[in-house]
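Reader: Can you walk me through this one? Keep it quick, please.
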Number of protein chains: 2
Amino acid sequence: MENFVFQNPTKIIFGRDTEGQVGKETKEYADRVLLHYGGGSIKKSGLYDRVVASLQEAGVDFIELSGVQPNPRLSLIKKGIELCRQHQINFILAVGGGSVIDSAKAIAVGVPYAGDVWDFFERKATIREALPVGVVLTIPAAGSETSPASVVTNDDGAWKRDIGSDLIRPKFAILNPELTYTLPAYQTACGVADIMAHIMERYFTRTRNTDLTDRLCEATLRTVIKYAPLALANPTDYSARAEIMWAGTVAHNDLLGTGRIEDWGSHMIEHEISGIYDVPHGAGLAVVFPAWMRYVYHEDVNVFARFAARVWDVEPDFDHPEKTALAGIERLKEFFRSLGLPVTLGELKVGDDRLEEMAAKCTARGPVGNFKKLYKEDVYAIYQLAR
Amino acid sequence: MENFVFQNPTKIIFGRDTEGQVGKETKEYADRVLLHYGGGSIKKSGLYDRVVASLQEAGVDFIELSGVQPNPRLSLIKKGIELCRQHQINFILAVGGGSVIDSAKAIAVGVPYAGDVWDFFERKATIREALPVGVVLTIPAAGSETSPASVVTNDDGAWKRDIGSDLIRPKFAILNPELTYTLPAYQTACGVADIMAHIMERYFTRTRNTDLTDRLCEATLRTVIKYAPLALANPTDYSARAEIMWAGTVAHNDLLGTGRIEDWGSHMIEHEISGIYDVPHGAGLAVVFPAWMRYVYHEDVNVFARFAARVWDVEPDFDHPEKTALAGIERLKEFFRSLGLPVTLGELKVGDDRLEEMAAKCTARGPVGNFKKLYKEDVYAIYQLAR
């Protein structure tokens, strides 16, 4: 086991009707807030009205900034920073999924900073201050509701870059599974793939003797695997939506990485796909992860055999652990397929022509991943396996 | 699943040599602290010297208060409160196990309160303020290093009472598994029983559809069950000590209770034993828990059958789930016995003469537990089963 530091102070408020507490929770931090969201879905569902009513009841003033897109854009963030400064706003309330939360976090660090907020994403400046952020979550997927990270796309050059700081962890996150009833099936499935990927990026490690963390990962994966089909079959199954939503937070609140060196190679490899092609991050991960696994499993077969046996109930073949390992990878791929997710680049409509360029860009700052360090030719080989 | 709020902001610093960070972490909160500990064991082991060196290096002044006993006493706490006031102390550093931490928490709420600190334990006053507390943990058992609770014994009337407030959650907890190498076997085993009890008090619930939490509980139990015998066989097995130590914190940081109504009947039943007889809390729990299980399992056999199958690998008897359930309870009892723990009141040297009085005292403020509400005659029956 590696030494580690673990701290996650975000207050989780989970369950039915909990969005009615948003005013009271926000009031602990501010009287004037920026209400930040995406498009019209929160208005159609009535969530917008309930959030506004709760803020008004608590005596919290707000101004609005909507229009956050998937892969949140720098231009809107800059607009948000200006708005906050003009109106002396000192709290950002994100109502939405990972993109809205990431956009809110970027605004939060930009407001008190005299320079260009993109400096943080280019590592030209260090985050020393941020407005507090609160969340009402509508999509279980990214885990941004308790994470210290934000991923933003620069409109100019289509650069997707991230920042990380404990200062941008949300102060509270309100998770009402009922708010996810209206998520389309494909988006639900993409969220599930993203959640599973967050766990698997941590599960596949060369660090030994991290048994509790292994088992916590397996527990969370098994829960998602059980409930994802139920949520797709019956979108208003509260239990299924609740298990997925809570698993989505547990998957990415850092607990499941304690004591081990995490991988994150597949995320880097996927970013090149969704950076160029307009595909959901979760769909890209469903394609990349099984390919990555087939490429790296023989580096440490036992970890993959354990994954097969303990997550997928594959009967271990003790004479041929590599068969057990491969059966587990196949089960994952079948599972993604059963959710209606793509499992090949072809299904994603990603052609062969730019794979080499993508492999080069992915490894431009050095090899990616830790389970096996992946250089340009490795990443290219993984794209080939994903075809 | 029940609605829930989950928040645990304690910073965990885990691993080898981490006690060297105590000065720096403390300095974030204070320049003058009370260094609070038990007896001579931290001096013998050299931990005391390392903590003092780290505080001095960080420029943190300290005064000392040692002498905390198991079941920490109110008299020492009052002395600590006086000391802190005299010396303008504004931080309590607990170096030890659950008793030292609980004592530190009680001092922390007493210092800024004008009345008698015991008022909080008698619910005559509400905690509105507390000095910050930090921890260097030496015994994995009580989980007090991240909990909002403190249990104290009043010297006058031998009353064991508790307080709970987020204000007394430690700011940081330093967990170095090497510090537990010198724990005697019996104390290690008692700690393991306490850790398992914290999980089982949460696991056995009548709340349905809390699958992720069930699985996280099972994962943590399985880890403890695997590593406890290894730690006893080889006290300096780092991996075994590390898994138990981290499991001890995860067991009691509230995550494993999310979404469900917890039980805590066995703890109440045990408190009457360790309140009268001088036995370790963990040893008392090893006696009470299997008896409680045998008394209540038929209220909801399936939960106990799942416990047997998923925690103990008992092959389910689908025609007779009660046989599966009983086999699981028997496995738990055998496991405690294998660790050298008592599993009957006789082995604890607790006679029959006061069982009725204990059952009455246990239920004086109403029935205990939630899986089944236990009245005086139920508690008495459980004591009988534990003989």
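Reader: Where does helix 8 of chain A bend?
Author: Helix 8 of chain A bends by about 30° at A:Tyr227. A proline, A:Pro229, follows within four residues. The bend is the angle between axes fitted to the seven residues ending there and the seven starting there. Helices are DSSP runs (H or I, at least four residues), numbered from the N terminus.
Author: Keep in mind that this is a predicted model: local features need pLDDT of at least 70, side-chain atom pairs count only at pLDDT 80 or more, and totals for chains, interfaces and linings use all residues. Residues are numbered from 1 along each chain as its sequence is written, with chains lettered from A and ligands numbered from 1 in the order in which they are written.

Reader: OK, chain B now. At what angle do helix 7 and helix 8 of chain B cross?
Author: Roughly 170°, and their axes come within 10 Å. Axes are lines fitted to C-alpha atoms, for helices over the stretch in contact, and angles run from 0 to 180 degrees between N-to-C directions. That makes helix 7 of chain B roughly antiparallel to helix 8 of chain B (over 145 degrees).

Reader: New topic. What turn lays chain A on chain B?
Author: A turn of 180°, with a shift of 0.0 Å along the axis and an RMSD of 0.0 Å. Copies are superposed by least squares on C-alpha atoms of residues with pLDDT of at least 70 in both. That is the relation of a two-fold axis.

Reader: Which C-alpha in chain A is nearest the axis?
Author: That of A:Pro9, 1.9 Å from the axis.

Key: Helices (H or I, at least four residues) and strands (E, at least two) are DSSP runs, numbered from the N terminus. Angles under 35 degrees count as roughly parallel, over 145 as roughly antiparallel, 65 to 115 as roughly perpendicular and the rest as oblique.
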